[in-house]
Amino acid sequence: MSSQVRLRLLPSARCLFDEPVQVKVSGLRSRQVVALRARSTDERGMVFTSSATYRADGSGEIDLNRDPSLRGNYVGVEPMGLLWSMRPVTLHKRFQKTNSLNPYVVKFSVHEEEGEGRMLAEAINERFLIGDGVIRRPVKEGNIRGVLFTPPGAGPFPAVLDLYTFGGGLSEKRASLLASRGFVVLTVALYGHDDMPRNIGEIHLDYFEEAIEFLKKQDKVGSKGVGVLSLSKSGDLALSIASYLPDVEATVWISGCSANTALPLYYRKKQILPALMFDFNKIIPTESGASMVKYGVNNPLAEENKATLVPIEQAKGHFLFAAAEDDLNWDSKAYMDEMVERLKHHGKENYESVCYPGAGHYLEPPYGPYCPSSFHGFVGKPVLWGGEPRSHAAAEVHLWKKIQEFFRAHLSCDATQTKAKL
């Protein structure tokens, strides 16, 4: 390593996962061209890397907030480009960070561009998923299996049910980050976690009803009702929760469907919605080894499938619909347009919608590696998710802020309610 070259991360090398850092290099030769790299390893040991070439200014300094990448994983001024442009060294792997207790560790380094690429300086960025003072409590009560996150302070705080994952197991990332922003968040598993079944053939709304009741009873919760946060398949579950269950004041639907997909939905031992199914003959293989599944979902508006549509017009709370225009899992933009039309037709104004051009299916909290393709639990093989990395990364930054604003606006907190529970 070169003694005079310094790589600094500002304001600190330790931050929350969803916070930007400013990357600065000093001590280079005037106008020196160097490669900046980032490297991290996920929970399964999968390595992700990125690289971009920069030219120092006359003082031998580089500032990623100011200076453009000349070539590499991205070009132009992209302050967080080294993070979102990271790619797995093995194809079709999605970045896995589900445990909130361990930080996401990224090694930034500066290398000579020529020859062996000798390293000149390095810095470690610890990106925490859980803020100072946030309490993490595993939940195993009644049928509920999940983790509850509670912010520090007296509250009252709005409450959110996070349906992050449908693919079995439990993910804490989004719930712990949201709690770090001042929400009491319960993330729940549906199957494949703890003592739950490995697989399921149907879904019961009663499980979510129990989860909402549990969440409302928590000491620091001040909202009269709860918010529901979803993604992909859990999008239609969130619509059903908002349409059939009481006490849901705000629902965020991300890259979902307007119909109940894949598994029939039951409530109080009766089927309330059949499942919209997939036509596996319409899955298109590609040269990359990942399949294109966008056209595999049956049309929910076809006469024979209309019974699968979730009756969102009967929901009492507010909706935020977020669709990715380049979603290759299914046509979430068309589903969103259909829902907006339906609500308008019923004279409803309880929704807002946002569409992201160039974004792919998996819209997550910002600054994680963009995922172009990975294994699809229902299809049973790798699929393309769509999107272009730069646009997708910008969409994640915008949406994460919008989700928090939406929940704050519609989950009314009343301090007297909190006191009544103590």
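A residue counts as buried under 20% relative accessible area, as exposed over 50%, and as partly exposed in between, with a 1.4 Å probe and protein chains only. By that definition Ser12 is partly exposed, because its relative accessible area is 30%. The model is predicted: local features need pLDDT of at least 70, side-chain atom pairs count only at pLDDT 80 or more, and totals for chains, interfaces and linings use all residues. Residues are numbered from 1 along each chain as its sequence is written, and side-chain values use heavy atoms, with hydrogens and water left out.

Consider the whole chain before its parts. Seven helices and 25 strands make up its list of secondary structure elements; helices (H or I, at least four residues) and strands (E, at least two) are DSSP runs, numbered from the N terminus. The chain is as compact as a globular protein of 422 residues, because its radius of gyration, 23 Å, is close to the 22 Å that the globule rule gives for that length. The radius is taken over C-alpha atoms, and the rule is 2.2 Å times the number of residues to the power 0.38. The C-alpha trace spans about 70 × 55 × 45 Å along the principal axes of the chain.

Of the 422 residues, 57% count as buried. The surface that the chain exposes comes to about 17,600 Å², and carbon and sulfur atoms supply 50% of it. Such areas come from the Shrake-Rupley method with a 1.4 Å probe, and for residues only the protein chains shown count as cover. Contact means heavy atoms within 4.5 Å. Among contacts in the chain with a separation of 6 or more, 67% come from residues 24 or more positions apart. The chain carries 50 positive and 49 negative charges, and the mean positions of the two sets are 3 Å apart. Lys and Arg count as positive and Asp and Glu as negative, while His and the chain ends are not counted. The place of a charge is NZ of Lys, CZ of Arg, CG of Asp or CD of Glu.

Return now to Ser12, which sits in the loop between strand E1 (6–10) and strand E2 (14–16). Pro11 belongs to the loop between E1 and E2, and the peptide bond that leads into it from Leu10 is cis, with omega near 0°. Between Ser12 and Asp326, 314 residues apart along the chain, the C-alpha separation is 35 Å. Another cis peptide bond joins Gly155 to Pro156, with omega about 5°; Pro156 lies in the loop between strand E12 (144–150) and strand E13 (157–162).

Two other loops hold residues with unusual signs of phi to look at. Ser232 is not a glycine, yet its phi is positive, about 65°. It is found between strand E16 (221–229) and helix H4 (233–244), and counts as buried because its relative accessibility is 13%. Arg268, also not a glycine, has a positive phi near 50°. Its loop runs between strand E18 (265–267) and strand E19 (270–273), and at 55% relative accessibility Arg268 counts as exposed.

E18 and E19 also belong to an open sheet of three strands, ordered E15-E18-E19, with mixed pairing. Two strands pair if DSSP finds at least two bridges between them. Strand E15 (203–204) and E19 are the edge strands, each pairing on one side only. E15 runs parallel to E18 over two bridges, with Ile203 opposite Leu265 in E18.

Further along, strand E24 (residues 373–376) pairs with strand E25 (residues 381–384) in the antiparallel sense over four bridges. Phe375 has Pro382 of E25 as its bridge partner. Four residues lie between the strands of this hairpin, in which Gly380 takes a positive phi near 85°.

Two strand residues can be set side by side. Gly72, in strand E7 (residues 71–72), counts as exposed because its relative accessibility is 54%. Leaving aside neighbours within four places in sequence, Gly72 is in contact with Ser51 and Ala52; the C-alpha atoms of Gly72 and Ala52 are 4.2 Å apart, across 20 residues of chain. Leu186, in strand E14 (residues 184–188), counts as buried because its relative accessibility is 0%. Not counting residues up to four places away in sequence, Leu186 touches residues including Val139, Ile144, Val160, Phe214 and Leu215. Leu186 and Leu215 are 29 residues apart in sequence and 6.9 Å apart from C-alpha to C-alpha.
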